[in-house]
Every structure is written in structure tokens, then in C-alpha cells.
Amino acid sequence: MNRTLPRLLMAPAVVTLFLWMIVPLLMSIYFSAVRYNLMQPGDKDFIGLSNFEFFFTDPDFGASVSNTLLLLGSVIAITVVLGIGLALLVNEAFPGRGLVRVLLISPFFVMPTANALLWKHMMMNPVYGVLSQVAIFFGMEPVDWLTDHPLFSVILMVAWQWLPFACLIFITSLQSLDRDQMEAAGMDGANPLQKFWFLTLPHLGRPIAVVVMIEMIFLMSVFAEIFTTTSGGPGNASTNVAFLIFKQALLNFDVGVASAGALFAVVLANVAAVFLIRMIGKNLD
């Protein structure tokens, strides 16, 4: 009886979450196995794995996978490295530290579309953007970032938005760093680099693993920044898997191929999740 009552009370929430997950998944599996184009909604013939074959042989498929992995790796590397550096800086006491921390965290609360518009018009515009004005000030030719370096531009936008999240996690972790150990290491002759390498960095092992896992999950579906700024171009230079699925679903009106792509994205995300869970498990041992 002691176990039955809690399970009965939890059952509605568990069932709701299960249905919330399983119904879209089953619908995606069904649509991935039929020929379903929104221009011909009445035709739903069973075609087996043909949608998967069409998606995998799409000319943009290889580029979208490589762009997705490059985007993930670059943003995670930037946010982890700069996040640790900024966390170390603001962890020390100085006048106005509270205000600086608030300003440092604020970009994380900007909506992705607003973030993309901000970078597109205010920072990267080749005529009146801040980066162009800086280039002109130093006598250099302005760069059309979204045309000449589209994927790098998207990486900058996404990294700017996720950097505060990583910084916040690292600041919180540094609050629990044993100050006595740091003082003892200093008394034993350790320099700042040795303190960081042998004390601070091992202490940040778990937070780094958590930041990598969470960012990996969310960055797999980056879409708003690409749609708002480059539309996947020029060509397929900034197309990722999420944007390729969008093109199949809403530009080509092919729900079947888009569902096959969605299932591929689910498998890719789960493979990444298993790898990251094992990595985090090693850090927690």
C-alpha cells in the first residue's frame, strides 16, 4: 500500500509524458513509410524505406551533417573555453561584480530570432554594421559575413547566446572550490597556471561534462538563427540537419521525407546522448 499510492499519484503525469513522446514518434514512423506530399494529400501509398533513401541521397545531406557537427563542436569549444575564462575573472571580488554578472548572463535570455536579427543588422551588416565600421576605422575592407562566412557567422551568433549559460554553471561551481587548497598550493610555491591546471580544472570536470551534454542536446536543433540570417546558404554552406528537414517539409511539401529526416535526427541525438552519458559517468566516478 505504501508503494501503490505514490505510483497512482504519479501515473497521470507519467502517462501524459509518455503519450507526449510516443504519439509524435509513432506518427513520424508512419509518415516515413508512406508517400505523403502536401500537394497530393490524398495519396498515402506504402513505400517502405524509400523516403530514407531519398533523404540520404539528397545533395545537401552530407553538407548538412558535417555543418551540424562543425556547429556543435565549435560552439561547445567556444563556450567552454571562454566560459571558464570569464567565470575565473568574475569570480574574484571587484567593485560592481554583481552588475557585471547580471550583464554577463543576460544574452542567454534573448530569443533566438531576436539574437539572429541583432547580429544580422547591427553587427554583421556590410554597410552599417559594427564590425564593418571597425574594419573601416582600421583601414580594412568591410566583410560581408553572412555571404562570405555564413557558417562561421551562425557559430558566432549561437556561441554568443550560449556562452552565458556555460559561464553561469562554471561560476556556480567555482563558489564551492576549496580556498584552503588554493592557499596551501600558493604557499608551496605553485604559480597561477599550476593552480588552475591541477586544482581548478579538475574541480570543473563535472560542470564541463554537464555543459557539453546540455548544449549538445539543444544545439542539435539550431534553426532560428539559420532561417533568419542565411536561409541555409549560400547554396548549402550553412544548412544543418534541422534546416534540411524544414526544407523537405515546408519548401518541398514532402512530409514523408521530412519524417525520415526527423527519425535520423532522433537517432543522431540518441547516439550523441549515449556517448555523453558515458563520458559524464566517467567524470562522476
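**Rings, helix crossings and an unusual loop**

At 34% relative accessibility, phenylalanine 253 counts as partly exposed. The model here is a predicted one, and this phenylalanine makes a handy way in. Phenylalanine 253 is found in the loop between α13 and α14, the latter spanning residues 255-284. Its phi is positive, at about 60 degrees, even though the residue is not a glycine. That is worth a second look because most residues other than glycine have a negative phi.

The helix just before phenylalanine 253 is α13. How many of the eleven residues of α13 are buried? Nine of them are, so that α13 is mostly covered. The buried set is made up of Val241, Ala242, Phe243, Leu244, Ile245, Phe246, Lys247, Gln248 and Ala249.

On the other side of α13 comes the loop that links it to α12, and a few things happen there. Threonine 230 sits in this loop, between α12 (224-229) and α13 (241-251). Is threonine 230 buried or exposed? With a relative accessible area of 11%, threonine 230 is buried, because the cut-off for buried is under 20%. Setting aside neighbours within four places in sequence, threonine 230 is in contact with Leu146, Pro150, Val154, Glu225 and Ser238. Serine 231 lies in the loop between α12 and α13 as well, but this residue is partly exposed, with a relative accessible area of 46%. Serine 231 is not a glycine, yet has a positive phi of about 55 degrees. Proline 234 also belongs to the loop between α12 and α13. The peptide bond leading from glycine 233 to proline 234 is cis, its omega being near -5 degrees. For context, most peptide bonds are trans.

Next, the way the helices pack. Two packed helices are described by the angle between their axes and the distance between the axes. Helix α3 (residues 61-91) packs against helix α4 (residues 97-105) at an angle of about 160 degrees, with the axes 10 Å apart. Angles over 145 degrees count as roughly antiparallel, and α3 and α4 are therefore roughly antiparallel to each other. The crossing of α3 past α4 is left-handed. From α3, the residues Leu86, Val90 and Asn91 meet Arg97, Val100, Arg101 and Leu104 of α4.

Helix α3 also crosses helix α8 (residues 150-174), where the axes come within 6 Å and the angle is roughly 40 degrees. That angle makes α3 and α8 oblique to each other. Here the crossing is right-handed.

Aromatic rings turn up together in many places: the count comes to 22 aromatic pairs. One of them joins phenylalanine 31 and tyrosine 36, a stacked pair at 5.1 Å centre to centre with 25 degrees between the planes. Both partners are tucked away: phenylalanine 31 is buried, with a relative accessible area of 16%, and tyrosine 36 is buried too, at 14%. How are the rings of phenylalanine 137 and phenylalanine 138 arranged? Their centres are 5.2 Å apart and their planes stand at 90 degrees, so the pair is edge-to-face. Phenylalanine 137 is exposed, with a relative accessible area of 69%, and phenylalanine 138 is exposed as well, at 57%.

Tyrosine 36 has another partner: lysine 44 lies over the face of its ring, at 4.7 Å from the ring centre. Elsewhere, Phe52, Phe55, Phe56, Phe61 and Phe264 form one aromatic cluster.

Technical notes: Residues are numbered from 1 along each chain as its sequence is written. This is a predicted model: local features need pLDDT of at least 70, side-chain atom pairs count only at pLDDT 80 or more; totals for chains, interfaces and linings use all residues. Side-chain values use heavy atoms; hydrogens and water are left out. Rings of Phe, Tyr and Trp (its six-membered ring) pair if their centres lie within 6.5 Å; planes under 30 degrees apart count as stacked, over 60 as edge-to-face and the rest as tilted. Buried means under 20% relative accessible area, exposed over 50%, partly exposed in between (1.4 Å probe, protein chains only). A charge sits over a ring if NZ of Lys or CZ of Arg is within 6 Å of the ring centre and within 35 degrees of the ring normal. Axes are lines fitted to C-alpha atoms, for helices over the stretch in contact, and angles run from 0 to 180 degrees between N-to-C directions. Helices (H or I, at least four residues) and strands (E, at least two) are DSSP runs, numbered from the N terminus. Angles under 35 degrees count as roughly parallel, over 145 as roughly antiparallel, 65 to 115 as roughly perpendicular and the rest as oblique. A crossing is left-handed if the near helix is turned anticlockwise from the far one by less than a right angle, and right-handed if clockwise. Contact means heavy atoms within 4.5 Å.
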